[in-house]
Amino acid sequence: VVVPLAIRRVLPPSVNTAAEIVKGTTLLSIIGVVELLLATQQVIARTYMVLPFFGLALVLYFSVTFLLSLLAGYFERRFAYLRY
């Protein structure tokens, strides 16, 4: 009985944290994973094509964050019927 109520309370902060993790993926470069912005900057350094590659990075970050927020909205609506 407590778990569905806890999910309703924990879902919005968890989604915010997940969005921050997606935006802050630069921490992955510390452990050896090349993150999106670093890879974009490396390609730009080789090709000197700034706008197309930063535009692609923008679209990728936006799409991941937007899909995450849509998923969160779905779960918030799904658990909204639960009362305290």
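Confidence in the protein chain is lowest in helix 1 (residues 2–23), where the mean pLDDT is 82, and highest in helix 2, where the mean is 90. The model is a predicted one. Averaged over the protein chain, pLDDT comes to 81, and 82% of the residues score at least 70. Where pLDDT is low, the coordinates should not be read in detail.

The protein chain holds 3 helices and 0 strands. Read from the N terminus, the order of its elements is α-α-α. Helix 2 covers residues 36–47, and helix 3 covers residues 50–78.

Contacts give a view of how the chain is arranged. Among contacts in the protein chain with a separation of 6 or more, 64% are between residues 24 or more positions apart. As for burial, the protein chain has 84 residues, and 15% of them count as buried. The area exposed by the protein chain is about 6500 Å², with 73% of it supplied by carbon and sulfur atoms.

One surface feature can be followed residue by residue. Leu37, Val50, Leu51 and Phe54 make a nonpolar surface patch of about 360 Å². Helix 3 gives the most to this patch, with 3 residues. Leucine 37, another member of the patch, lies in helix 2. Why does leucine 37 count as partly exposed? Its relative accessible area is 31%, and partly exposed covers the range between under 20%, which is buried, and over 50%, which is exposed. Patch residues need over 30% relative accessible area, so leucine 37, at 31%, meets that cut-off.

Technical notes: Residues are numbered from 1 along each chain as its sequence is written. This is a predicted model: local features need pLDDT of at least 70, side-chain atom pairs count only at pLDDT 80 or more; totals for chains, interfaces and linings use all residues. Side-chain values use heavy atoms; hydrogens and water are left out. Patches are made of residues with over 30% relative accessible area and no salt bridge: like charges are joined within 9 Å, nonpolar side chains (Val, Leu, Ile, Met, Phe, Trp, Tyr) within 5 Å. Accessible areas come from the Shrake-Rupley method with a 1.4 Å probe; for residues, only the protein chains shown count as cover. A salt bridge is a side-chain nitrogen of Lys or Arg within 4 Å of a carboxyl oxygen of Asp or Glu. Helices (H or I, at least four residues) and strands (E, at least two) are DSSP runs, numbered from the N terminus. Buried means under 20% relative accessible area, exposed over 50%, partly exposed in between (1.4 Å probe, protein chains only). Contact means heavy atoms within 4.5 Å. pLDDT is the predictor's confidence in each residue, from 0 to 100.
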